[in-house]
Amino acid sequence: MSLFNSLKNDNLATWQSYTNHEFVQGLGDGTLPIDAFKKYLVQDYLFLIEFARAYALGMYKANDLEQMRKCLSSAKGILELEMGLHVRLCEAWGLSEAEIVATPEEPATLAYTRYVLDTAMKGDMLDLKVALAPCAIGYGEIGATLARKEGAIDPSNPYAEWIKEYSSEDYQSLAKDAVEEIDHLGELYATKARYTKLSRIFGEATRLEANFWQMGLEI
């Protein structure tokens, strides 16, 4: 079994609490309160700023040019594409980018982003990519699953654009590449003794992702 699938299977209950969260189900059937989604969008924008930093740190941690280029591509994807989606959605509800940036980070946002950055600072590229995996790969799984639900991407669903973004061919390709990269890094650096630590990182990052959804519901 690949490293990513092993990590996912060994933390399956936590993974399912994240990918099947009440917030996620509300996105799919359109029942999520708009205020909850707006709160999430603003915090996720702030979240992405820190994740872009994490990928920049990955460039420093990289052992070769290929790894550096992958981290650069991920950082550019966040800064130039994904954050743009958030701004467009927020502006549709009267929130400007300046207002978003001025919003304080919620405790759930701080906990997750600082955990990833701390893990990256103390560890190597594999530790970093495992900490990033629940976000980078989980959103792809969530997007693909929601897109298959009846009515999820219909114009009547206010969250159809979000679902289309994360179920898109481009994002699915990014998620697939993230899985392959973790498996490749695992072949290079993972050992049996190290697996316990990697599983702990993955489980904690996944738990913090679920907490992030929960934060959005607390309005």
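Is N157 buried or exposed? In this predicted model, N157 has a relative accessible area of 6% and is therefore classed as buried, the limit for that class being under 20%. The residue is located in the loop that joins helix 8 and helix 9. A polar atom of the N157 side chain lies 3.4 Å from the backbone oxygen of G28. Apart from neighbours within four places in sequence, the contacts of N157 are L27, G28, G30, G151, A152 and I163. G28 thus appears both in this contact list and as the residue whose backbone oxygen faces the side chain of N157 at 3.4 Å.

A second asparagine, N63, is placed in the loop between helix 4 and helix 5. N63 has a relative accessible area of 54% and counts as exposed, whereas N157, at 6%, counts as buried. The side chain of N63 makes a polar contact of 2.6 Å with the side chain of Y189. N63 is also separated from D124 by 61 residues in sequence, with a C-alpha to C-alpha distance of 9.6 Å. D124 in turn belongs to a network of salt bridges that also links D127, R194 and K197.

Side chains of opposite charge can pair when their charged atoms come close. The model contains 13 salt bridges. One of them joins R53 and E50, with an N to O distance of 3.1 Å. These two residues are 3 positions apart in helix 4, which spans residues 34-61, and so are separated by about one helical turn. The accessibility of the two partners falls into two classes: R53 is partly exposed at 48%, while E50 is buried at 10%.

In helix 5 (residues 65-92), E66 and K70 are 4 residues apart, about one turn of the helix. Their salt bridge has its closest N and O atoms 3.5 Å apart. E66 is partly exposed, with a relative accessible area of 49%, and K70 is likewise partly exposed, with a value of 33%.

A further salt bridge is formed by the side chains of R207 and E204, with an N to O distance of 2.5 Å. Both residues belong to helix 11 (residues 192-217), where a spacing of 3 residues corresponds to about one turn of the helix. R207 is partly exposed at 37% relative accessible area. E204 is partly exposed as well, at 25%, because its value lies between the 20% and 50% limits of that class.

The largest pocket has a volume of about 730 Å³. Its lining comprises 28 residues, of which Y55, S74, Y171, L174 and A175 are the closest to the pocket centre. At least two lining residues come from each of helix 4, helix 5, helix 8 (125-147), helix 9 (160-167) and helix 10 (169-189). Helix 10 makes the greatest contribution to the lining, with 9 residues. By class, the lining of this pocket consists of 16 nonpolar, 4 polar and 8 charged residues.

Several of the elements described above recur around the pocket. Helix 4 and helix 5 each contribute to the lining; helix 4 also holds the R53 and E50 pair, and helix 5 the E66 and K70 pair. Helix 8 and helix 9, which likewise contribute to the lining, are the helices on either side of the loop that contains N157.

Conventions. Residues numbered from 1 in each chain as written. Predicted model: local features only at pLDDT ≥ 70, side-chain atom pairs only at ≥ 80, totals over all residues. Heavy atoms only, no water. Salt bridge = Lys/Arg side-chain N within 4 Å of Asp/Glu carboxyl O. Buried < 20%, exposed > 50% of the residue type's maximum accessible area, 1.4 Å probe, protein only. 1 Å grid on protein atoms, 1.4 Å probe; cavity = no way out; pocket = protein on both sides within 12 Å on 5 of 7 lines; lining within 4 Å. Points joined across faces, edges and corners; volume = space filled by probe spheres on them. Nonpolar A, V, L, I, M, F, W, Y, C, P; charged D, E, K, R; others polar. Polar contact = N/O pair within 3.5 Å; in protein donor to acceptor, adjacent residues only side chain to side chain. Contact = heavy atoms within 4.5 Å.
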